[in-house]
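Welcome to a short tour of a pocket and some helix pairs. Please have the model open and follow along as the report goes from one to the next.

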Amino acid sequence: MKYVFNSFLLIFFLLISFSVHSNTTIQEFINSNYKLISKSSSKTVDPVLNDIKIFNQDDVKKFLILWKSKELSIIKDSNLIVYTEKKEDTIIAYDIFNNNEIGKFTKKQLKSIKPNSGVRSKIDSALVEYQILDEDINVRRESLQSLKRDIQKTHLKILRTAYQNEIDNNFREEINKVLNFAILKFSKSEQEKLDVLSFFSNDTSLEVRASLNNLLNTSDILFTNNKKIMGNIARKIIPNKTYKNNDGTSNYILSSYSSNKPELTYNDAYDLLSNNKKVLPRITKKIIKESLVSNIKKLKNAGFDISSLNNDLNRLDAYNYLASINVVPPFISKEEIKKSVDKFTFYTEYDEISSQVTNKTKETLKNINFRVNIYRYIDLFVDGISLSSIYFLGAIGLAITFGVMRVINMAHGEFIMMGAYTGYVVQQYIPNHTISILIALPLAFIITFGAGVLLERLVIRHLYKNPLDTLLATFGISIALQQLAKNIFGTQARPLTAPSWLDGALSINDDLSISYIRIAIILMGILFLLLLLFIMNRTRLGLEIRAVTQNPIMASNMGINPDRINMLTFGFGSAIAGIAGVAIGLFSKVTSELGTEYIVQSFMTVVVGGVGNIFGTLAGAALIGFLQKIIEWFNPSNTLAAQTYMIIFIILFIQFRPRGIFALKGRVKDV
């Protein structure tokens, strides 16, 4: 009878409450809660946001938007909340819902309502259910993004409604994805979650992986002395022997050299039991020291030499004496700790109660991670091709001059630098970046070709009989060209801006993104390869270069002028370096030292690939480029180490194949 009476009483009060709300306008509700609204915080704003939902949706939405945007004020005399608008020196107050003018006020008569970021975030969440169904699709999109940042349990129903009502198919798919996130987080239906996991099985996006990983969250470490454990067990924890995997399971530590540390030590396990009053507290060194200090007189009376208590063994003896006379708790030895811990089973449970859901989640994540690794390998492969293309562009000119003329051109990097500065100068006069690059490429070819011919005529041709002398001569010219560049352009880096259509990247997914500049470099490398093959195999110049490379005396007897070929070859090789400089300058800093960053790699590329061979240079560039990227992949934070390992590898490689991958027959074999 008492239960029935209490039930009727509860219903009576609810009816009264509903009647009061139903007879109250939204303006009256707002004014009656002006204190909570004007001095709201993220902890006190919830009652207002919950109770206001019973009023007209359009009115609620309008009020919340004005509140969030800090456009509301309170008239101090009447505590009336109004919408204000400043005109000259006067502030005009309007009714929030019908826009009727209430009056004109001074700044002192009003108090602005300025919700903090926490309150605005709560208002955002409350606005979602109104804006997600708005007629304007842009409002709906903005609302979905706001909801996506912080999905609440109450949003599950809203998202279901929005998904059913949405007429735009593309946006409907966006809603469906967010709805699936909400289902995984809040739905009570096991089958519904399993369906969503199947839906996400091929989605490698970061947000999907984060959502699935949340399903594998586990409890704090639990323990029991029962043999049978109930619940959705994530892992059993064996102190000092197991560590936690990313999916919540555990693995054994197989070796003392393993980088994996035990999740739970015996001391940690014992402390957990102690904190739950299952065993006596563990006595630490700190407790022993404090106990001895506080009982120093008793120890002296017992005949202990206080000066001897300077090591752990003597301190433990003194502490055991105090424990024997019941002054302090007994000391728990390591053996006793292990024995107590071994009586219990330690484990964790998944927060998700369904084992089918967690098993399906682990399976889905395994498939997704497999696909992610494939994308990462593809990205590594593209990185390797890109770097190899850069090394090929930088080295191909050197390969030609070195192969034909046996000239060790240490100034080759400065021709790359000259090409980059040519691109920079052109952009100073032609602001259109696309046109400027199209002009800079042939102009760099012409300038560096002329510079190469000039260098060959003035210096190199006098040193053919002493090839090693070219090393010193070109090294000095390299320093001189660097200083000349500093005198002309200064020491600061100069910008060589890529065209706007090379900005951004081709994004496949969250794990595979290829920048357009990398694609352009790869295409330029392929173009140069095809162009050089055509020149070397389909033109008279190429035929003469190959003849002089293989046997200069026989070529001379056949009517070919080796001196002329040497001049053109050196100029051609320098010109290719100039074009490579324009390409390299698009993604690298244009400075007087630009060439020195590539000269070492260029020489290594030529030597490894085989002197004087285009395919050898290509193979050398690929070997060095991929090797460097693979080493960096294992140690991405230390590029210097990657270069060091690469050089060591090349030294070992040359020991076994001194003529490179593709060794030419003829004069080059003697280099």
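## The largest pocket

What is the volume of the largest pocket? In this predicted model, the largest pocket has a volume of about 590 Å³. Its lining is made up of 24 residues, and those that lie nearest the centre are F181, L184, K185, F186 and L215.

Which helices should you look at around this pocket? At least two lining residues each come from α7 (137-149), α9 (169-186), α10 (190-199) and α11 (206-215). The largest share belongs to α11, with five residues. Sorted by class, the lining holds eleven charged, seven nonpolar and six polar residues.

## Helices α8 and α9

Helix α9, which supplies part of the pocket lining, also packs with helix α8 (residues 155-165): the two axes come within 9 Å and cross at roughly 155°. Because of that angle, α8 counts as roughly antiparallel to α9. The crossing of this pair is left-handed.

On the α8 side, the residues in contact are L156, L159, R160, A162, Y163 and Q164, and they meet R172, I175, N176, V178, L179, A182, I183 and F186 of α9. By class, this contact has ten nonpolar, two polar and two charged residues. F186 is worth a second look, as this residue takes part in the contact with α8 and is also among the residues nearest the centre of the largest pocket.

## Helices α18 and α20

Now move along the chain to helix α18 (residues 412-429) and helix α20 (residues 467-489). These two pack at an angle of about 20°, and their axes are 10 Å apart. The angle is under 35 degrees, so α18 is roughly parallel to α20. Their crossing is left-handed.

From α18, the residues E414, M417, Y421, Y424 and V425 meet S478, L481, Q482, A485 and F489 from α20. Seven nonpolar, two polar and one charged residues make up this contact.

## Helices α18 and α19

Helix α18 has another partner to visit, helix α19 (residues 433-458), and here the axes come within 8 Å and cross at roughly 140°. How are the two helices oriented to each other? With that angle, α18 and α19 are therefore oblique. The crossing of α18 and α19 is right-handed.

The α18 side of this contact consists of F415, M418, G419, T422, G423, V426 and Q427, while α19 brings H433, S436, I437, I439, A440, L443, A444, I447, T448, A451, G452 and L455. In this contact there are eleven nonpolar and eight polar residues, and no charged residues.

Conventions
Residues numbered from 1 in each chain as written. Predicted model: local features only at pLDDT ≥ 70, side-chain atom pairs only at ≥ 80, totals over all residues. Heavy atoms only, no water. 1 Å grid on protein atoms, 1.4 Å probe; cavity = no way out; pocket = protein on both sides within 12 Å on 5 of 7 lines; lining within 4 Å. Points joined across faces, edges and corners; volume = space filled by probe spheres on them. Helix = DSSP H or I, 4+ residues; strand = E, 2+ residues; numbered from the N terminus. Nonpolar A, V, L, I, M, F, W, Y, C, P; charged D, E, K, R; others polar. Axes fitted to C-alpha atoms, helices over the stretch in contact; angles between N-to-C directions. Parallel < 35°, antiparallel > 145°, perpendicular 65-115°, else oblique. Left-handed = near helix turned anticlockwise from the far one by under 90°. Contact = heavy atoms within 4.5 Å.
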